[in-house]
Amino acid sequence: GEDGKSGAKVEEGLVNIAHLVKNVDRVVGIYPKKVPLFIQVDGNVPASVISDDLKLFRSILNYLTNACKQTKTGSIRLRIYVRKATKAVDTSAELDLLPGTLVAPKADVLVVECEDTGPGVDLNKYSTLFTPHADVDSSQMNHSKMTNSGLGLYSVATEIASLGGEFGVFPREDLITSNPDHDAYTDSIG
C-alpha cells in the first residue's frame with residue numbers, strides 16, 4: 001500500500017514475533033555491552049503481526065544498540081506488548097511529548113519498548129533525537145562514542161513512520177520519582 005502522507009510505499013507482510021525476538025536476541029547477544037539484555041513478550045502479543053519485518057528489526061536494533069552504548073551499569077529491557085484501545089485521554093502536560101498511540105490509542109497497538117539504566121537524555125535534546133544530524137553532547141551523556149546516534153534514530157523515525165507507526169521516548173519512572181530535575185527517557189515504537 002501507500003502511506004497517504006508521503007506517498008511512500010509501505011512493504012507489509014506477516015512478522016512472526018517469536019522469530020523477530022530470536023533474531024534480535026541473536027544479534028544483540030554478540031553486540032558489545034556491559035550489562036545484560038532482558039527480552040519480555042507479553043501474553044497479549046499475537047504470534048504474528050502485519051508489518052515489514054526488516055524495518056521493525058532494524059528499528060529495534062537501533063534502539064538497543066544505542067542503549068548498549070550508553071548503559072554502563074544495570075540492565076537493558078526490551079518489552080513487546082499490545083496497548084489496548086482506549087477512549088480515556090490523560091491531559092497531563094508531560095504527555096504532550098508522547099506519541100498519540102502510546103497515550104490513548106484508538107485501536108490496539110503493538111508497542112516495542114526499550115528501557116535502559118543509562119544516564120538518560122536531557123529534555124532539551126529531545127526535539128533533535130530523531131533528526132538526521134542530532135547534536136548529542138557526549139560529555140552530558142557521559143559517553144564519548146555517540147557517533148551516528150542521531151542517524152540511527154533518524155532511521156527509526158523514517159522506517160516506523162513509513163509503516164504508519166509512531167516512535168519516541170518517554171521518561172523512565174525511576175528517574176522521575178528519584179530525581180524530578182533529571183530528564184531520562186525510554187525509547188518506544190508504537
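**How helix α2 and Thr71 are placed**

In this predicted model, helices α1 and α2 cross in a right-handed way. The axes of α1 (residues 17-30) and α2 (residues 53-70) come within 10 Å, at roughly 35°.

User: Which residues make the contact between α1 and α2?

Analyst: From α1 there are Leu20, Asn23, Val24, Val27 and Val28, and from α2 Asp53, Leu56, Phe57, Ile60, Leu61, Leu64 and Cys68. By class, that contact has ten nonpolar, one polar and one charged residues.

User: How do you know whether the length of α2 agrees with its number of residues?

Analyst: Happily, that can be checked. At 1.5 Å a residue, the 18 residues of α2 should span 26 Å, and the end C-alpha atoms are 26 Å apart, so the two values agree.

User: What makes α2 enclosed or open?

Analyst: Burial decides it here: 14 of the 18 residues of α2 are buried, so the helix is largely enclosed by the rest of the structure.

User: Why is Thr71 called buried or exposed?

Analyst: Buried means under 20% relative accessible area. Thr71 has 0% relative accessibility, so Thr71 counts as buried. Thr71 sits in the loop between α2 and β4 (76-83).

User: What makes the pairing of Thr71 and Asp116 a polar contact?

Analyst: The cut-off for a pair of N or O atoms is within 3.5 Å, and the side chains of Thr71 and Asp116 make their polar contact at 3.5 Å. The Thr71 side chain also reaches the backbone oxygen of Ala67, at 2.7 Å. Leaving aside neighbours within four places in sequence, the contacts of Thr71 include Lys34, Val35 and Ile76.

Key
Residues numbered from 1 in each chain as written. Predicted model: local features only at pLDDT ≥ 70, side-chain atom pairs only at ≥ 80, totals over all residues. Heavy atoms only, no water. Axes fitted to C-alpha atoms, helices over the stretch in contact; angles between N-to-C directions. Helix = DSSP H or I, 4+ residues; strand = E, 2+ residues; numbered from the N terminus. Left-handed = near helix turned anticlockwise from the far one by under 90°. Contact = heavy atoms within 4.5 Å. Nonpolar A, V, L, I, M, F, W, Y, C, P; charged D, E, K, R; others polar. Expected span 1.5 Å × (residues − 1). Buried < 20%, exposed > 50% of the residue type's maximum accessible area, 1.4 Å probe, protein only. Polar contact = N/O pair within 3.5 Å; in protein donor to acceptor, adjacent residues only side chain to side chain.
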